[in-house]
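Please examine the sequence and the model displayed below. A report on sheets, helix packing and internal cavities accompanies them.

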Amino acid sequence: GVGLAGEEVTEDMSVTMRLKNITFDAKSEFQRAQIVETAPFGKTLVLDGKSQSAKFDEPVYHESLVHPALLMHPNPKSVYIGGGGEGATAREILRHKTVEKCVMVDIDEVVCNICKEQMPEWGAGAWDDARFEVHFEDAKAYLEKDERKYDVIIMDIADPIEAGPGIVLYTQEFYKFAVTKLNPGGILVTQSGPGSVLNADECFACINQTLRTVFDFVVPYTSDVPSFGSNWAFNMAFNKDSDIGAKLEAAAGASPSAKMLSAMTPAVFDDAIAARGLTGDLKFLDGISAAGIFGVPRPVRDTIEAETRVMTVANPVFMH
């Protein structure tokens with residue numbers, strides 16, 4: 001073995017794992033990119049020292065990011081990915097036969113090309129799919145000049161760290177703009193950093209609160225992605241005029257989490273997966289897993305409810 005690889009989870013805690021080898025190490029214009037192999041998680045993409053995607057559990061992350069929003073939409077035809085370099089987000093989107101166009105905009109062509117060459121399992125045919133369109137530029141700048149609107153917008157970008165290129169993509173200003181790029185009934189979902197009982201206050205709660213200033217409903221959820229060193233967070237946002245928004249309006253429960261669980265029972269969720277023809281394709285997500293990820297632990301829900309910070313361009317919030 002090559003030794004040990006450590007990654008800080010919080011200022012006071014690191015995760016260390018056995019490093020088997022480093023297959024790639026280069027600096028792009030935007031970030032340092034490495035592909036390493038660790039004993040517990042296998043082949044892993046590391047950007048600026050943070051694990052982005054490991055072979056062992058990337059399906060958990062990518063299925064969690066993509067399928068709830070696409071399944072909650074009755075007929076998602078057009079999907080926009082901000083970020084998404086490895087191609088796995090597109091891979092999951094393109095499983096949906098309803099999708100006619102998937103547009104991915106990632107700022108870093110170097111990283112995308114490395115992933116295509118060194119991590120072909122992640123893209124698994126997405127790069128060659130006729131429905132898939134890729135642009136290498138800033139995700140916000142592209143949307144601003146793009147005349148199309150989308151049924152679902154998926155933000156699969158780097159965490160909001162101080163030096164990172166993606167910080168503006170978590171701001172109120174960006175979300176207000178993103179709403180104008182959604183078709184009626186559209187859904188936005190964003191990866192939202194660490195989401196465990198230890199660190200949900202880092203940026204998960206603030207992203208949720210920021211989205212709540214723009215959308216009628218914001219549903220927080222978390223998945224177990226051990227290669228990230230912490231449960232991982234997502235927020236799915238939509239308005240009352242959407243199919244899922246109308247369901248939540250009518251559902252029992254005081255919070256978006258309670259409404260989600262009463263409207264989208266395991267049986268209802270499994271039926272939605274089956275109706276899309278995805279039953280045999282998914283490694284992680286099914287009705288009971290969905291109940292688990294949307295059943296956010298009470299301390300995390302309390303942290304979200306207590307959050308008052310709203311992320312703006314003038315007042316960004318950085319995670320560790």
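The following text treats the two sheets, then the helix contacts, then the cavities.

The model is predicted: local features require pLDDT of at least 70, side-chain atom pairs count only at pLDDT 80 or more, and totals for chains, interfaces and linings use all residues. Residues are numbered from 1 along each chain as its sequence is written, and side-chain values use heavy atoms, with hydrogens and water left out.

**Sheets**

Helices (H or I, at least four residues) and strands (E, at least two) are DSSP runs, numbered from the N terminus. Two strands pair if DSSP finds at least two bridges between them.

An open sheet of five strands, with antiparallel pairing, follows the order β1-β2-β3-β4-β5. Its edges are formed by β1 and β5; each has a single partner strand, so one side of each is left without a neighbour in the sheet. From one strand to the next the twist averages 45°. Within this sheet, β2 (residues 13-27) and β3 (residues 32-38) run antiparallel and are joined by seven bridges. Lys27 has Arg32 in β3 as its bridge partner.

Seven strands make up another open sheet, of mixed pairing, in the order β8-β7-β6-β9-β10-β12-β11. Here β8 (132-135) and β11 (217-223) occupy the edges with a single partner strand each, so one side of each lacks a neighbour in the sheet. The twist in this sheet averages 15° from one strand to the next. Strands β6 (residues 78-83) and β9 (residues 150-156) run parallel and share five bridges; Tyr80 is bridged to Ile153 in β9. Helix α8 (residues 243-250) packs on the seven-stranded sheet, where it touches β10 (182-194), β11 and β12 (232-238), and its direction makes about 95° with that of β11.

**Helix contacts**

Axes are lines fitted to C-alpha atoms, for helices over the stretch in contact, and angles run from 0 to 180 degrees between N-to-C directions. Contact means heavy atoms within 4.5 Å. Two helix pairs are listed below.

| Helix pair | Angle | Axis separation |
|---|---|---|
| α1 (residues 58-72) and α10 (residues 266-275) | about 90° | 10 Å |
| α8 and α9 (residues 256-263) | about 100° | 9 Å |

Angles under 35 degrees count as roughly parallel, over 145 as roughly antiparallel, 65 to 115 as roughly perpendicular and the rest as oblique. Helices α8 and α9 are therefore roughly perpendicular. Their contact involves Ile244, Lys247, Leu248 and Glu249 of α8 with Pro256, Lys259, Met260 and Ala263 of α9. By class, this contact has five nonpolar, no polar and three charged residues. Here Ala, Val, Leu, Ile, Met, Phe, Trp, Tyr, Cys and Pro count as nonpolar, Asp, Glu, Lys and Arg as charged, and the others, Gly among them, as polar.

Helices α1 and α10 are likewise roughly perpendicular to each other. Pro68, Leu71 and Met72 of α1 meet Phe269, Ala272 and Ile273 of α10. The residues of this contact are six nonpolar, no polar and no charged.

**Cavities**

A cavity is a set of points, on a 1 Å grid over the protein atoms alone, where a 1.4 Å probe fits but cannot get out; lining residues have an atom within 4 Å of a point. Grid points are joined across faces, edges and corners, and a volume is the space filled by probe spheres set on the points.

The structure holds three cavities of 30 Å³ or more, and the largest contains about 530 Å³ of space. Its lining comprises 34 residues, of which Leu47, Gln52, Asp156, Ile157 and Ala158 lie nearest the centre. Strands β1 (3-10), β4 (42-47), β5 (50-54) and β10 each supply at least two residues of this lining. The lining of the largest cavity divides into 16 nonpolar, nine polar and nine charged residues.

Technical notes
1 Å grid on protein atoms, 1.4 Å probe; cavity = no way out; pocket = protein on both sides within 12 Å on 5 of 7 lines; lining within 4 Å.
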